[in-house]
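Please look through the model below, beginning with a run of paired strands and moving on from there to a sheet and to two buried side chains.

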Amino acid sequence: MGSSSSTALARLGLPGQPRSTWLGVAALGLAAVALGTAAWRRTRPRRRRQLQQVGTVSKVWIYPIKSCKGVSVCDTECTDMGLRCGKVRDRFWMVVKEDGHMITARQEPRLVLVSITLENNYLTLEAPGMEQIVLPIKLPSSNKIHDCRLFGLDIKGRDCGDEVAQWFTNYLKTQAYRLVQFDTSMKGRTTKNLYPSESYLQNYEIAYPDCSPVHLISEASLVDLNTRLKKKVKMEHFRPNIVVSGCEAFEEDTWDELLIGDVEMKRVLSCPRCVLTTVDPDTGIIDRKEPLETLKSYRLCDPSVKSIYQSSPLFGMYFSVEKLGSLRVGDPVYRMVD
């Protein structure tokens with residue numbers, strides 16, 4: 001690999017890769033990211049750009065409740081706050097302690113076994129050993145609004161009622177829990193809140209996702225990881241919204257701006273992985289070692305951006321939504337270049 005390609009990857013926080021044929025495009029990334037502000041997004045003149053197909057959408061997932069099972073969908077609307085299928089939005093519900101602090105599968109691994117069915121104006125929840133419960137999507141405006149804490153940041157959530165709170169409490173059997181729902185009239189977490197020292201990042205707002213509106217991974221990256229593991233893992237360990245086929249492993253690291261369907265997306269940052277990846281999505285058992293340890297052996301960030309990623313390995317990419325629209329399984333994934 002040439003020194004210029006290595007430098008470009010280092011500035012983006014990405015580990016060096018042996019495939020020099022495509023890594024050269026990473027040098028375009030920082031300049032594009034530096035332009036990312038809300039004003040620029042709304043006022044920039046539309047320029048004619050070339051489209052280079054880099055893959056195909058093979059899977060789309062929405063995760064209505066943070067840390068619970070994802071719902072596989074064939075098509076989805078892409079809003080500025082993430083994916084939406086009908087009236088159900090990605091990670092617009094969250095389990096919290098009674099004091100409002102978030103609870104995820106990091107603390108309660110069995111949350112990943114809670115399955116969700118979307119039906120008209122309701123969510124139907126099921127879990128091992130529990131009777132199913134039906135939750136209305138539209139909540140009474142009189143329901144209490146909680147002050148919640150999500151990764152140290154304040155955010156609101158409307159209480160979903162005593163019945164579903166008791167359901168989660170009985171299922172997890174550790175302490176009392178509530179379920180809250182985000183409403184678009186509430187103030188979300190912004191780029192400035194999430195990355196206060198990274199002023200070059202584009203502005204966006206999210207509800208309860210970790211870091212961005214859209215999370216994307218390629219199938220090839222998972223295949224590459226599994227060649228290094230004794231026990232193979234599934235894509236469900238990583239909980240992406242969009243899975244892409246037909247590209248090389250970790251090629252998504254170099255994609256700056258994408259067109260999928262009529263949705264335009266812009267890269268934010270790489271996705272730093274944590275202990276949540278060690279929760280088995282089929283058993284709800286947390287391993288705390290793999291695949292995280294193996295990822296750390298070859299996917300750590302460049303030291304120059306350690307202030308962002310710390311010691312977390314990188315796997316998958318975060319994107320913001322620059323042009324709203326819809327996308328579906330089977331759509332070509334185009335990289336937009338000048």
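In strand E5, the bridge partner of Arg84 is Arg89, where strands (E, at least two residues) and helices (H or I, at least four residues) are DSSP runs numbered from the N terminus. This is a predicted model, in which local features need pLDDT of at least 70 and side-chain atom pairs count only at pLDDT 80 or more, whereas totals for chains, interfaces and linings use all residues. Residues are numbered from 1 along each chain as its sequence is written, and side-chain values use heavy atoms, with hydrogens and water left out.

Arg84 belongs to a short series of hairpins. Strand E4 (residues 82-85) and strand E5 (residues 88-89) pair in the antiparallel sense over two bridges, pairing being assigned if DSSP finds at least two bridges between two strands. Two residues lie between E4 and E5 in their hairpin, and Gly86 in the turn has a positive phi of about 65 degrees. E4 also pairs with strand E3 (residues 75-79), again in the antiparallel sense, over three bridges, and Glu77 stands opposite Arg84 in that pairing. E3 and E4 likewise form a hairpin with two residues between them.

Further along the chain there is an open sheet of five strands, antiparallel in its pairing, with the order E7-E6-E13-E12-E11. Strand E7 (102-103) and strand E11 (145-150) stand at the edges, each with a single partner strand, so one side of each is left without a neighbour in the sheet. Within the sheet, strand E12 (residues 153-159) and strand E13 (residues 177-181) pair in the antiparallel sense over two bridges. Helix H5 (residues 162-172) lies across strand E6 (93-97) and E13, and runs at about 130 degrees to E13; such angles run from 0 to 180 degrees between N-to-C directions, with axes that are lines fitted to C-alpha atoms, for helices over the stretch in contact.

Which residue of E13 stands opposite Arg158? The residue is Gln181, and Gln181 counts as buried because its relative accessibility is 11%, buried meaning under 20% relative accessible area, exposed over 50% and partly exposed in between (1.4 Å probe, protein chains only). Leaving aside residues up to four places away in sequence, Gln181 touches several residues, including Phe92, Trp93, Ile137 and Tyr208, a contact meaning heavy atoms within 4.5 Å. Phe92 is 89 residues from Gln181 in sequence, yet their C-alpha atoms are 5.7 Å apart. The side chain of Gln181 also reaches the backbone oxygen of Ile137 at 3.0 Å.

A second buried side chain is that of Thr191, which is found in helix H6 (residues 191-194). Thr191 counts as buried because its relative accessibility is 3%. Not counting residues up to four places away in sequence, Thr191 touches Pro196, Leu201, Gln202, Asn203 and Tyr204, and its side chain reaches the backbone nitrogen of Tyr204 at 2.9 Å. The C-alpha atoms of Thr191 and Cys211, 20 residues apart along the chain, are separated by 8.4 Å.

For the protein chain as a whole, there are nine helices and 22 strands, and 57% of its 338 residues count as buried. Among the contacts with a separation of 6 or more, residues 24 or more positions apart account for 70%.

Key: Polar contact = N/O pair within 3.5 Å; in protein donor to acceptor, adjacent residues only side chain to side chain.
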